[in-house]
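Student: Please walk me through this structure. I am new to it.

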Amino acid sequence: MIKSIKKIAVMTSGGDAPGMNAAIRSVVRTCAYYQIECIGIYRGYQGMIEADFVTMTARSVNNIIHKGGTILKSARSKEFRTAEGRKKAHANLIKHNIDALVVIGGDGSFTGSVVFNNEYGFPAVGIPGTIDNDIYGTSHTLGYDTALNTAMDAIDKIRDTASSHNRLFFVEVMGRDAGFIALNVGVGAGAEEILIPEEDLGLERMLESLKKSKSSGKSSSIVVVAEGDKSGKNVYQLANYVEENMDEYEVRVSVLGHMQRGGSPSCFDRVLASRLGVKAVELLLEGKTNLMVGLQNNEVIATDLEKAIKGNNDIDMELLRVSDIMTT
Ligand code: F6P
């Protein structure tokens, strides 16, 4: 193993996700294992610009594997988008003898890393951390599994009250422009309809399906709506639309929001974080750079960072068909 890298910095950037702490822990402990120094950067790229650094040892990450959020904090830095900001950041890394970076975040964070690498040739490896699961090169991003379970638990509770009052609920879930959370949670929570950005089936079809379900004897229903859905109506407008066109239902709306980003990571996310952290450090020690570590068929693999940013993580259309059959 080439050991020219003596000091690695780790940071979390963009929207936080459950499992980020477990990934920080993994990076720090892998550095300790290989006897190289590790620095934590607070608040992502903004902390890099402000030299907001902390020395991390194996003991700095005790008792964080189960915690949501990120002990290193996160930020979306406008200043890092400027050449001047990146120059300051680079000067700080050099001043502190940092040789390489592990960036835990989503595609915005990886774009920053690629630009930085193009300008300064600074070695970096990315760990995909976002609840949206919208990154090419991994079947699962960190935090996605936990967010699915958080949203599903919430919808289970909504089902209780929906059923008591014979109501129809529209539940909006996060996911930015992707429908992974909506589709999987919709199937897992037994939703009547699932609206995702990847497939706009039209409002007429939704009405038809709700009418059919009412006449088949169902007294309450859940429609899961991805925040990025392309129906042209937001979740409140969708609810009004149904109420105007169907007397049969009393309709309510619930927007789950940022609660989906919090909470203790699932076992799956903790194990994933631990595996990806080890691989990220080992790749850097092997002299590799501009890669993202991810999971494919339960194997940890590396993907070119630019590919990870530009590629599409395709939604499983078969799951939509399964959902249709389940609503019979
Ligand atoms: O990318 C994670 C995410 O939670 C998206 O699902 C959501 O669209 C966005 O971030 C919300 O961002 P903010 O925390 O800035 O409101």
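Student: Which elements do the buried residues of α1 pack against?

Tutor: This is a predicted model, in which local features need pLDDT of at least 70, side-chain atom pairs count only at pLDDT 80 or more, and totals for chains, interfaces and linings use all residues. Residues are numbered from 1 along each chain as its sequence is written, and side-chain values use heavy atoms, with hydrogens and water left out. Helices (H or I, at least four residues) and strands (E, at least two) are DSSP runs, numbered from the N terminus. With contact meaning heavy atoms within 4.5 Å, the buried residues of α1 pack against β1, β2, β3, β4, β5 and α9 (267–285).

Student: How many of the 14 residues of α1 are buried?

Tutor: Buried means under 20% relative accessible area, exposed over 50%, partly exposed in between (1.4 Å probe, protein chains only). Among the buried ones are Met20, Ile24 and Cys31. The helix is largely enclosed by the rest of the structure, because the buried residues number 10 of the 14.

Student: What span should helix α1 have at 1.5 Å a residue?

Tutor: The expected span is 1.5 Å times one less than the number of residues. Helix α1 covers residues 20–33, and its end C-alpha atoms are 20 Å apart, which agrees with the expected 20 Å.

Student: What is the strand order of the open sheet?

Tutor: Two strands pair if DSSP finds at least two bridges between them. The sheet has 7 strands with mixed pairing, in the order β3-β2-β1-β4-β5-β10-β11. Pairing on one side only marks the edge strands, β3 (53–56) and β11 (299–304).

Student: Which residue in β2 stands opposite Ile8?

Tutor: Strands β1 (residues 7–12) and β2 (residues 37–41) run parallel, joined by 5 bridges. Opposite Ile8 in β2 stands Cys38.

Student: What angle does the direction of helix α4 make with that of β4?

Tutor: Axes are lines fitted to C-alpha atoms, for helices over the stretch in contact, and angles run from 0 to 180 degrees between N-to-C directions. Helix α4 (residues 107–120) packs on the sheet, touching β4 (100–105), β5 (124–128) and β10 (291–296). Its angle with β4 is about 160 degrees.

Student: What distance separates the centres of domain 1 and domain 2?

Tutor: The bounds come from an automatic or database domain assignment. Domain 1 is 7–143 + 265–310, and domain 2 is 147–261. Taken over C-alpha atoms, their centres are separated by 35 Å.
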